[in-house]
Amino acid sequence: MVLQVQFEAGDVTRAMNAYMRQQGANLEDFLKAIEHDLGGPLFKLLHVGNDFAHGTPNKHGQFPNLHARAYVDNIGTKAALLYVSLKPFLGVLRRRQAGQHPDSSFVEGVGDLVSTLLQMCVYVPITPQVEALGEISPERASLLRQAELWTSLVVYTANSFFSRRSEQDRYFLSGDVMTFAGSFPNTANMYFDSPYVQPIVSQADYFTHAVLPLIQNVLQHALNPENNIYGRPESCFFAVGTKDDPAKKELTFSIADKGYGIRPEILPHIFDRGVTTKPDRETEHGIGLWSVKRFVEEHGGSIQATTELGKGTFIQFTIPYSRKEGHFCVQ
Ligand SMILES: Nc1ncnc2c1ncn2[C@@H]1O[C@H](COP(=O)(O)OP(=O)(O)OP(=O)(O)O)[C@@H](O)[C@H]1O
Ligand SMILES: [Mg+2]
């Protein structure tokens with residue numbers, strides 16, 4: 001898997017301006033989305049990196065050699081750096097939009113983000129590079145695979161905000177899902193089953209606004225030990241697919257995982273803003289499902305979740321289409 005940063009400093013302003021040209025666009029929403037969507041995987045990455053390099057032997061297996069620790073420690077440090085620089089970075093974007101920024105601080109702020117992301121790409125694939133440095137315990141090997149996954153997601157998410165993708169007027173949901181699946185680092189404990197998505201062409205970016213947050217949830221929650229109420233094995237696969245209902249002119253997109261399930265105390269409220277089991281209180285959470293629901297409903301669909309504790313979670317949302325001509329045409 002080759003990980004690439006698909007934007008440069010200038011693209012950040014361009015993406016922000018493109019966003020602001022949309023009807024009813026609110027800069028704060030855009031900035032919050034960046035902070036939230038990048039902050040989530042970065043937070044995970046810095047913790048996993050820290051556990052690998054500093055975690056105790058009774059919890060994370062024998063310490064690996066110093067080179068391996070230093071290697072992963074470096075990735076964790078970069079994640080921490082990005083995480084703490086998110087707020088100042090958004091401040092720079094805010095001032096830029098208000099016309100109060102000095103150009104130099106803008107270029108510096110954005111340049112740091114781009115160069116740290118580029119450096120992170122150099123570390124991927126993480127597992128083989130660290131394994132070449134010496135033997136590591138199975139627990140630490142599992143942390144490495146998680147670090148790889150979060151690193152990919154950080155770069156993927158940044159690309160989805162700032163690459164020219166945000167200016168497209170047509171999106172190919174099926175193609176986006178296949179591309180993501182092709183670059184997904186399947187691991188022994190998290191496996192993305194081959195997707196079955198029918199050819200869908202839409203004006204709205206369903207992948208970024210609906211599918212990616214749901215996949216992020218699987219990665220962040222389905223195997224989170226805190227949700228392990230019924231003691232399931234430490235592995236999970238998830239699958240996405242679509243089904244057509246020609247009578248209703250409606251597609252159903254589903255995402256199913258074989259993880260621990262959604263905790264019963266929050267299940268009735270998962271689509272409400274702010275409902276979360278995440279411990280991180282610095283960034284606002286409980287936004288994922290709320291915003292997916294809002295996006296799906298704005299485009300004429302509906303969303304539902306079912307879950308069985310210890311067995312998994314099934315989320316499906318509908319996408320109304322206007323016609324079918326080899327592919328489904330969606331608003
Ligand atoms: N696939 C899943 N398996 C288990 N629990 C899940 C799953 N998806 C969602 N949840 C639960 O639903 C809660 C709400 O999800 P939501 O995406 O709205 O917020 P979040 O993931 O906690 O925070 P964020 O705003 O970063 O997305 C999660 O905190 C988690 O407890
Ligand atoms: Mg979420």
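P125 lies in the loop between α5 (103-122) and α6 (126-131). In this predicted model, the peptide bond from V124 to P125 is cis, with omega near 0 degrees. A second backbone feature is found at K249, where phi is near 50 degrees, a positive value in a residue other than glycine. K249 sits in the loop between β4 (236-245) and β5 (250-257). Most residues other than glycine have a negative phi, and most peptide bonds are trans.

The domain assignment of the protein gives domain 1 (1-167) and domain 2 (169-331). Taken over C-alpha atoms, the centres of domain 1 and domain 2 are separated by 22 Å. Domain 1 gives 13 residues to the contact, and domain 2 gives 13 residues. On the side of domain 1 that touches domain 2, the elements that supply two or more residues are α2 (27-54) and α7 (138-162). That side of domain 1 has three nonpolar, six polar and four charged residues.

Two packed helices are described by the angle between their axes and the distance between the axes. Helix α8 (residues 173-183) and helix α9 (residues 206-222) have axes that come within 10 Å and cross at roughly 50 degrees. Because angles from 65 to 115 degrees count as roughly perpendicular and those under 35 as roughly parallel, this angle makes α8 oblique to α9. The crossing of α8 past α9 is right-handed. On α8 the contact is made by L173, D176 and V177, and on α9 by Y206, F207 and V211. By class, the contact of α8 with α9 has five nonpolar residues, no polar residues and one charged residue.

Helix α9 also takes part in the surroundings of ligand 1: five residues of the shell come from α9, the largest share. Which residues come nearest to ligand 1? Of the 26 residues around the ligand, these are N217, T276, H285, G288 and L289. The elements that give two or more residues to the shell around ligand 1 are α2, α9 and α10 (288-298). The shell divides into nine nonpolar, 14 polar and three charged residues.

The table sets out the residue classes of the three groups described above.

| Group of residues | Nonpolar | Polar | Charged |
|---|---|---|---|
| Contact of α8 with α9 | five residues | no residues | one residue |
| Side of domain 1 that touches domain 2 | three residues | six residues | four residues |
| Shell around ligand 1 | nine residues | 14 residues | three residues |

Conventions
Residues numbered from 1 in each chain as written. Chains lettered and ligands numbered in written order. Predicted model: local features only at pLDDT ≥ 70, side-chain atom pairs only at ≥ 80, totals over all residues. Axes fitted to C-alpha atoms, helices over the stretch in contact; angles between N-to-C directions. Helix = DSSP H or I, 4+ residues; strand = E, 2+ residues; numbered from the N terminus. Parallel < 35°, antiparallel > 145°, perpendicular 65-115°, else oblique. Left-handed = near helix turned anticlockwise from the far one by under 90°. Contact = placed C-beta atoms within 7 Å. Nonpolar A, V, L, I, M, F, W, Y, C, P; charged D, E, K, R; others polar. Domains from an automatic or database assignment. Near = placed C-beta within 6 Å.
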